[in-house]
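The following note is offered to a colleague who is about to examine the structure shown below. It is arranged as numbered points, each on one topic.

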Amino acid sequence: MMNANWRLSGPERPGFQRHNLRAIPLAMVGLGCLLLLVTMSFLAAPRQMPSDVVRSEHSHMAQEHDDALSGDRPVTTVRPISCEKLAEVPGKTVRTVLVDFPPGAHTPRHRHPGSVTAFVVSGVLRSQLNGGAIQIFTVRQSWFKPFGAIHDFAENASLTEPAQLLAVFITDADCGPLTIFE
């Protein structure tokens, strides 16, 4: 004779244990993002910094760089990779994108609708957050932008080499625009 419980699933099934997914802390999401970034760091081959990279400590060089690019500057291209609702964090979504920076590309002042971790996959990027110091990021380096932070600019520091970054966003539960220009 067949067991009468063979059709039961979920809480009706004998021995079923309900797991409270809401008890998983948001830190687990952060650990998952960190694991993704560490994995990507092993995949990205280190590169030498191109000779035309503008270093932030030389403001006269930054001005020359800006003057050289004052015409039509290339823009970045954002390629979505994923957009997944976080079941353990109701109302939130994790989104992953690749951002391509052609040589000399520039993204003007903007912000994002959530927190962001950015990881340089290739090339060299210049960036400034909240009016702070201009920073240079090379392959396998990353930075974090908390919700509400103003990104004064991000640009490819090289006029000859492309650059690429991987960005992981934690946003409200929609897959809308990720960049809000100021």
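1. Strand β8 and its faces. Strand β8 has two faces: Trp143 and Lys145 form the covered one, whereas Ser142 and Phe144 form the uncovered one. The strand spans residues 142-145. These assignments, like everything that follows, are taken from a predicted model.

2. Pairing of β8 with β5. Strand β8 pairs with β5 in the antiparallel sense, and 4 bridges connect the two. One specific contact in this register may be checked directly: phenylalanine 119 has serine 142, in β8, as its bridge partner. Serine 142 also belongs to the uncovered face of β8.

3. The aromatic pair. The structure contains 1 aromatic pair. The ring centres of phenylalanine 137 and tryptophan 143 are 4.3 Å apart and the ring planes stand at 35°, so the pair is classed as tilted. Both phenylalanine 137 and tryptophan 143 are buried. The tryptophan is the Trp143 already noted on the covered face of β8, while residue 137 falls within the range of β7 (135-137).

4. The open sheet. What is the order of the strands in the open sheet of 5 strands? The order is β1-β2-β10-β5-β8, and the pairing is antiparallel. Strands β1 (77-85) and β8 are the edge strands, each of them pairing on one side only. From one strand to the next, the twist averages 15°.

5. Strand β10 within the sheet. In the strand order, β10 stands between β2 and β5. It runs antiparallel to β2, with 10 bridges joining the two strands, and antiparallel to β5, with 8 bridges. Two residue pairs illustrate the register: threonine 93 is opposite threonine 171 in β10, and alanine 118 has alanine 167 in β10 as its bridge partner. Strand β10 is mostly covered, since 8 of its 10 residues are buried.

6. The largest pocket. The volume of the largest pocket is about 330 Å³. Its lining comprises 23 residues, and those nearest the centre are Val99, Thr107, His110, His112 and Thr179. By class, the lining divides into 15 nonpolar residues, 7 polar and 1 charged. Strands β2 (92-101), β3 (106-107), β5 (114-122), β8 (142-145), β9 (151-156) and β10 (163-172) each contribute at least two lining residues. Among these contributors, β2, β10, β5 and β8 are also members of the open sheet.

7. Threonine 107. Which strand holds threonine 107? The residue lies in β3 and is among those nearest the centre of the largest pocket. Its relative accessibility is 11%, below the 20% limit, and it therefore counts as buried. Threonine 107 and phenylalanine 181 are separated by 74 residues in sequence, yet their C-alpha atoms are 9.3 Å apart in space.

8. Positive phi angles. Two residues deserve attention when the backbone is reviewed. Asparagine 130 has a phi near 50°, a positive value in a residue other than glycine; its place is the loop between β6 (125-129) and β7 (135-137). Arginine 140, also not a glycine, has a positive phi of about 75° and is located in the loop between β7 and β8.

9. Exposure of these two loop residues. Is asparagine 130 buried or exposed? With a relative accessibility of 51%, asparagine 130 counts as exposed, because the limit is over 50%. Arginine 140 has a relative accessible area of 42% and is therefore partly exposed.

10. Overall composition. The protein has 2 helices and 11 strands. Along the sequence, the pattern reads α-α-β-β-β-β-β-β-β-β-β-β-β. Of the 182 residues in the protein, buried residues make up 36%.

Conventions: Residues numbered from 1 in each chain as written. Predicted model: local features only at pLDDT ≥ 70, side-chain atom pairs only at ≥ 80, totals over all residues. Heavy atoms only, no water. 1 Å grid on protein atoms, 1.4 Å probe; cavity = no way out; pocket = protein on both sides within 12 Å on 5 of 7 lines; lining within 4 Å. Points joined across faces, edges and corners; volume = space filled by probe spheres on them. Nonpolar A, V, L, I, M, F, W, Y, C, P; charged D, E, K, R; others polar. Phe/Tyr/Trp six-rings, centres within 6.5 Å; stacked < 30°, edge-to-face > 60°. Buried < 20%, exposed > 50% of the residue type's maximum accessible area, 1.4 Å probe, protein only. Pairing = 2+ DSSP bridges. Axes fitted to C-alpha atoms, helices over the stretch in contact; angles between N-to-C directions.
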